[in-house]
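I opened this entry to record what I looked up in the structure, beginning with its nonpolar packing and moving on to strands and helices.

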Amino acid sequence: MQKSVMFVTTCLALLMGVSARAATKNPTPANKYRYAAKKAAYYNKSTSAYYRSIWTSARNAWNKSKSFKWSPTKNRKSRTFTTSVSRTTGIWTNATGMAYNGMSFDQNGRQTGAAMYLNRAILKKYKYNKKQRTNVAIHEMGHALGLGHNSAGSVSVMNPANRDYALRNVDIKGAQKIYRTTTNTKSTLAAAAQPTLTVDHLKDYSNGIYGVEALRKDAGTIVEGTITKSVGHHKAPKNYYTTQTLRVIEHFKGLSGKTVTFTQGGTTAMAVTDSKVLHHGEDVVVMLAKNAQGNDYIINDGQGMFIDTHTSNGHELFEHVSDHKIYTEDMLH
Ligand SMILES: [Zn+2]
């Protein structure tokens, strides 16, 4: 009896292992930023010895791979820095970490500054151990040097909701690919690039219809409506979010008021990866959750927003902001 249970467990573990591996992109994709060469100096702003050591371990992991070299500097004015914050509101709600690409550029459009953040409040609340916090730090350094996310469920430090994976070969290969050339072939793109924040959440829902199903379950409120007011908070980068007011057309889940006010990541001056700032007059379906203060926010930013595309024959269609897939209204409630 015990043997057969063990056999089943082993098969399941194998199957899960295979499907997770199948979803891993090799190499890990790039974002649109890069430094001039495969090295950068950063100022470690953390005042806590614990978080200073976490950033040091993350640096050592990258340096050991030889794909990128991070060196600490005592120059407080360095445009590249690591730090830690403790926040539970606005864009930081359920964010474990964040990377701010494109704080500054050289004349060729190559990045000269990037900021890397860990959110102590959320890492503590969800009981990340030191190794897991280090994995998040390696992940933020990965964004800063030019890596994007690997797939949902991937075995990669750049898994969008990574907690358990350290630096993997796919990530090292991704970094090597970015810095294989010394000239920047994307200079025009980079020169036009807006600063971008990548917000890393506890959970990732970017898995097609299954992701939407999970969002529907986890969101306390789902409503359709028109944006009537959009207020950006321009206090970069600590508080970069927008407050939106929506006139409700239809209630699908929770909440019954005529209007709802909620926060989302990004402003007109700051893009958030996989998200898009909603504008006055736009018709949307939003999936909301409440933060510790009881205020509504878009669950995982772009993953909780669907914009009415008005392109159907009698059916309203909604574009998912984070992955641009189209859903009918029925699929969203
Ligand atoms: Zn990330």
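**Nonpolar cores**

I looked first at the largest nonpolar core, which has 47 residues; those that touch the most other members are Ala-58, Trp-62, Ala-137, Ile-138, Met-141 and Leu-145. Domain 1 (29-201) and domain 2 (208-332) both contribute residues to this core, so it lies between them. I note that the model is predicted.

I then took Ala-137 and set aside its neighbours within four places in sequence. Its remaining contacts are Ile-54, Trp-55, Ala-58 and Leu-118. I also found a second, separate core of 25 residues, with Ile-222, Val-286, Ile-298 and Ile-299 among them.

**Strands E1 and E2**

I next asked how many bridges join strand E1 to strand E2. There are four, and the two strands, residues 39-44 and residues 69-72, run parallel. As one pairing, I recorded Lys-39 with its bridge partner Lys-69 in E2. I traced the connection as well: E1, helix H2 (residues 49-65) and E2 form a β-α-β unit, and the unit is right-handed.

**Helix H4**

I turned to helix H4, which covers residues 130-145. From its first C-alpha to its last, H4 reaches 23 Å over 16 residues, close to the 22 Å expected at 1.5 Å a residue.

Is H4 largely enclosed by the rest of the structure or not, and why? I found 13 of its 16 residues buried, so H4 is largely enclosed.

Lastly, I checked the residue just after H4: Gly-146 takes a positive phi of about 125°.

Terms used
Residues numbered from 1 in each chain as written. Predicted model: local features only at pLDDT ≥ 70, side-chain atom pairs only at ≥ 80, totals over all residues. Core = buried A, V, L, I, M, F, W, Y, C linked by C-beta atoms within 7 Å. Buried ≥ 20, exposed ≤ 12 C-beta atoms within 10 Å, placed from the backbone. Domains from an automatic or database assignment. Contact = placed C-beta atoms within 7 Å. Pairing = 2+ DSSP bridges. Right-handed = clockwise from strand over helix to strand, strands pointing away. Expected span 1.5 Å × (residues − 1).
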